[in-house]
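Reader: I am new to this structure and should like to be guided through it by questions. May we begin once it is in view?

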Amino acid sequence: MIVDGSSPLHLKRRRFATVDTMEAEAAKAKFAAVKEKYGRDIRVFETSGVSSSPTQVSNDDERDDFYEFTAEDYYRLLAAKKADKHLKTKKIREAEVAAHRSRITKTTIRVRFPDNHTLEVVFHPSEKIQSLFDLLSRMVAQPEVSFYLYTTPPKKQIKDMSQDFYSAGLIPGAIVYFSYDMPNQEDNEAFNSGPFLQEEVMSLKGLDVMPEPVEPIHTTPEPVTTAPPPVPQEPNAAGKKPVKPKWLKM
């Protein structure tokens, strides 16, 4: 079946392509506006399957018995550490760390909120953790309320803001958890019910920059050449009976 440019199928596909392009342009505009305001590439999405209760999230994350550390693991790490200490000088180890650090050009930090929303931001590994706290202070819905971040498992509050992401081990990416810091438990539960991010930031939820549409390439099919019919070959001369010339006399 040949589908020309005026067929309903072609027009329907063209309408869908137009809608997708418009949605992609609108998403790009939102990303550009947020990046201009905060100076960062930011994504917001919802994490499914995570409890909305901050208490339950913390308790689940603090269960260390899932990560079983056997005696075999201990002796293997101890032997590797001793071998590294005796075989490598301090200068060699520092050179290896510097080489490894230079290869990592970015770290993706995901801040997970108690309402299952996740904020994804990209930093340079040499930036201070304070830059993450400063950015969140501008994005949260209630900037006047103090908050803290922690990693898990086990639950460990991030307190040293002077560390960079590389030194803190938050490379090439990490998930940190957000919680308001309220002395009263009732107030803490009320604040941790959300929303946590400003509406402008939440407008990025579920958006993603779609790739540019690729125009279909129309190729002309190559002509199919048929091989000529096989030429019948003469029967083998060896199968013929030799004829004796008349002039030959034996």
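Author: The model shown here is predicted. Let us start with one residue, Glu120, and its surroundings.

Reader: Which residues does Glu120 contact, leaving aside its neighbours within four places in sequence?

Author: Glu120 belongs to strand β3, which covers residues 117-123. Once the neighbours within four places in sequence are set aside, its contacts are Asp41, Ile42, Arg43, Phe45, Thr108, Ile109 and Arg110.

Reader: Is Glu120 buried or exposed?

Author: The relative accessible area of Glu120 is 11%. Buried means under 20%, so Glu120, at 11%, is buried.

Reader: What is the length of the polar contact between the side chains of Glu120 and Arg110?

Author: Arg110 is one of the residues in contact with Glu120. Their side chains are joined by a polar contact of 2.7 Å.

Reader: Why does Ala26 count as partly exposed?

Author: Ala26 lies in helix α1, residues 8-38. Buried means under 20% relative accessible area and exposed means over 50%. Because the relative accessibility of Ala26 is 42%, it falls in between and counts as partly exposed.

Reader: How far apart in space are Ala26 and Leu207, C-alpha to C-alpha?

Author: In sequence, 181 residues separate Ala26 from Leu207. In space, their C-alpha to C-alpha distance is 9.5 Å.

Reader: With which strands does β4 pair in the antiparallel sense?

Author: Strand β4 spans residues 147-151, and four of its five residues are buried. It pairs in the antiparallel sense over two bridges with a strand at residues 156-157, to which a hairpin of four residues joins it; there, Tyr150 has Gln157 as its bridge partner. Over four bridges it also pairs in the antiparallel sense with a strand at residues 173-180, where the bridge partner of Leu149 is Phe178. The two partners of β4 are thus β5 and β6.

Reader: Which element gives the largest share of the largest nonpolar core?

Author: This core has 33 residues, and those touching the most other members are Ile109, Val111, Leu119, Leu132, Leu149 and Phe178. Elements giving two or more residues to it include α1, β3, β4 and β6. The largest share, five residues, comes from α5.

Reader: Which residues does Val111 touch, not counting residues up to four places away in sequence?

Author: Val111 is among the core residues that touch the most other members. Not counting residues up to four places away in sequence, it touches His117, Thr118, Leu119, Leu132, Leu136, Leu149, Val176 and Phe178.

Note on methods: Residues numbered from 1 in each chain as written. Predicted model: local features only at pLDDT ≥ 70, side-chain atom pairs only at ≥ 80, totals over all residues. Heavy atoms only, no water. Buried < 20%, exposed > 50% of the residue type's maximum accessible area, 1.4 Å probe, protein only. Polar contact = N/O pair within 3.5 Å; in protein donor to acceptor, adjacent residues only side chain to side chain. Contact = heavy atoms within 4.5 Å. Pairing = 2+ DSSP bridges. Core = buried A, V, L, I, M, F, W, Y, C linked by side-chain atoms within 4.5 Å.
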